[in-house]
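Biologist: Let us go through this model term by term. I will ask what stands behind each label.

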Amino acid sequence: MKIHGKAFKYGDHVDTDVIIPARYLNTTNAKDLAQHCMEDIDSEFVNRVKEGDIMVAGINFGCGSSREHAPIAIKASGISCVVAKSFARIFFRNSINTGLAIMECEEAVDGINPGDEVNIDVSSGTITNVTTGKVFNARPFPEFLRKIISAGGLLNTLADK
Amino acid sequence: MGMTMTQKILAKKSNLAKVEAGQFINCKTDMVLGNDVTAPVAIKEMEKMNIQNVFDKKKIALVPDHFTPNKDIKAAENCKCMRQFAVKMGIENYFEVGEMGIEHALLPEKGLVTAGDVVIGADSHTCTYGALGAFSTGVGSTDIAAAMATGYCWFKVPAALRFVLNGKLQPYVSGKDVILHIIGMIGVDGALYKSMEFTGDGIASLSIDDRFTIANMAIEAGAKNGIFPVDDVTLLYIKEHSIKEYEVFEADEDAEYEKTYEIDLSEIPLTVAFPHLPENTRPVSESTGIDIDQVVIGSCTNGRLSDLRIAAEILKDRKVKKGVRTIIFPATQKIYLEAMKLGYFEIFVNAGCVVSTPTCGPCLGGHMGILAEGERAVATTNRNFVGRMGHVKSEVYLAGPAVAAASAILGRIAGPDEL
């Protein structure tokens, strides 16, 4: 999968309460959730994000609650990939399980500014900052996780069995 | 190299002689938990996949505790979705309003989790049951959908940090202060992907409620799980509450820990975590001059009987400061009834507090105690993120029940020694 989009950049410890505040968790509808994505730290995000854009963040992205509504809201907002220095563990498995592309790459996070145009080759892990010309390589996922990702999520792996 | 306590449980339940940190495993689950926020997402995914049966009707627990009693129509629809699923699948452990409690207080109380179990829940505070010597961890809705269908969950075997607890806590200092102190020390990602394994002579003096509170907040340090060894205190609790078979696991002598922390319990002060991360801790003695609008005592972290007892001791024959809304949430119906019989409710009401039915409500800014712009709360809950209890410009200060009760009386953050 190849991705091309503009970068939205956030800091460390972006928690699931700001990705999708609990006051909106009375629905499971992805589009409704997406309307409130990031609103407590970036009220303009939903107005500015375009299909294919990417999100870049520091350490421990997605910490806090287990709500799968967080990766669901990010994906439904149009974001195609989240690149972070590290992910909180439940957000990490939720993204793998639901098919939101994520990548861990410290150098890319430091080397991408808000608004930069970025190309990502998800299968090779190559991240190119088109604006600056710099190229980064994300840590590859182990085989076990690649199988879930390539099946399109955890439940599809059950269907295969 | 030997295995940690967590690794030994995971090896056994994966039918492997040995596992090591970093290894991916498919592991059998003894209990799969969902709530009214997370289970509907799982149920809809299962419906999409046309999954018609669950792996075991006894090994699934569904608890409508977050937005219940139903706070609005959408929440009511989510509860209805879960209720209908429970009926259709014949799930035995569905707890309706009236018998439900906050899930992580309810499951141990009902005897549904025990030592040696592997428990997953689509709620991050599922790590609570580590207090009983179980491996328990929070996962997502898709994970519980897969586990409800198959009985299995995938894990990356965690490395471990060891916390050696020695000595005894000072009066009014509780499990909450211990875990806030530890999170302050290692940070909110200090145990990311890892087990927090508690050990040491000091554990014997910690009540089971203190251990629940400590294990409950392991996730706030980023941990996969927190776990306590099984001792007489654990066994007494298990025998009083559960008829399930249990198994006691112990870490190998030569188990590998990435780091060992020695903690003297007697040196831990009453602790407060300032906005907006649980790692922003200070002793209450250094938390002066902060006026508050609300106090919340309850939640899966601190809504147990011993928490209410501490609050009642402090609030007895006193009044909360005028203007400080003090809301007390017993975590389960059983705790509610016991607190009532012990006369705590009379103390609370006379002091000017309100007592609520069990619900997660205010902890996550759902309902029953939302903060307005600029307001501050002291809460015995577990998170103080931006907007967690309401307005994006409100503030939550985390503390144990003693500090919460004393703060309610004084209208500012304070310890009971100031009364």
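Biologist: Which residue is the bridge partner of Ala84(A) in S4(A)?

Modeller: Glu104(A) is the partner. Bear in mind that this is a predicted model.

Biologist: What makes S3 and S4 of chain A a pair?

Modeller: A pair needs at least two bridges. Four bridges join strand S3 (residues 81–84) of chain A to S4(A). The condition is met, so they count as paired. The two strands run parallel.

Biologist: What is the strand order in the sheet of chain A?

Modeller: The order is S4-S3-S2-S1-S5-S6-S7. Seven strands form this open sheet, and the pairing is mixed. Neighbouring strands are turned by 25 degrees against each other on average, direction ignored.

Biologist: Why are S4 and S7 of chain A called edge strands?

Modeller: Strand S4 (101–104) and strand S7 (135–137) each pair on one side only.

Biologist: Why is Lys2(A) called exposed?

Modeller: Count the other C-beta atoms within 10 Å: Lys2(A) has 11. Exposed means 12 or fewer. Lys2(A) is therefore exposed. This residue is found in strand S1 (residues 2–9) of chain A. The C-alpha atoms of Lys2(A) and Val122(A) are separated by 6.1 Å, although the two residues lie 120 apart along the chain.

Biologist: How do you know that H4(A) and H5(A) are oblique to each other?

Modeller: Helix H4 (residues 69–77) and helix H5 (residues 89–98) of chain A pack at about 55 degrees, their axes 9 Å apart. Roughly parallel needs an angle under 35 degrees, and roughly perpendicular starts at 65. The angle fits neither, so the pair is oblique. The crossing of H4(A) and H5(A) is right-handed.

Biologist: Which residues of H4(A) and H5(A) meet?

Modeller: Ala70(A), Pro71(A) and Ile72(A) of H4(A) meet Phe91(A), Asn94(A), Ser95(A) and Thr98(A) of H5(A). By class, four are nonpolar, three are polar and none is charged.

Biologist: What makes H6(B) and H7(B) roughly parallel?

Modeller: Helix H6 (residues 175–186) and helix H7 (residues 208–216) of chain B cross at roughly 30 degrees. The label requires an angle under 35 degrees. Hence H6(B) and H7(B) are roughly parallel. Their axes come within 8 Å, and the crossing is right-handed.

Biologist: Which residues make that contact?

Modeller: H6(B) brings Gly175(B), Lys176(B), Val178(B) and Ile179(B). H7(B) brings Asp209(B), Asp210(B), Arg211(B), Thr213(B) and Ile214(B). The contact of H6(B) with H7(B) has three nonpolar, two polar and four charged residues.

Definitions and conventions:
Residues numbered from 1 in each chain as written. Chains lettered and ligands numbered in written order. Predicted model: local features only at pLDDT ≥ 70, side-chain atom pairs only at ≥ 80, totals over all residues. Axes fitted to C-alpha atoms, helices over the stretch in contact; angles between N-to-C directions. Buried ≥ 20, exposed ≤ 12 C-beta atoms within 10 Å, placed from the backbone. Parallel < 35°, antiparallel > 145°, perpendicular 65-115°, else oblique. Left-handed = near helix turned anticlockwise from the far one by under 90°. Contact = placed C-beta atoms within 7 Å. Nonpolar A, V, L, I, M, F, W, Y, C, P; charged D, E, K, R; others polar.
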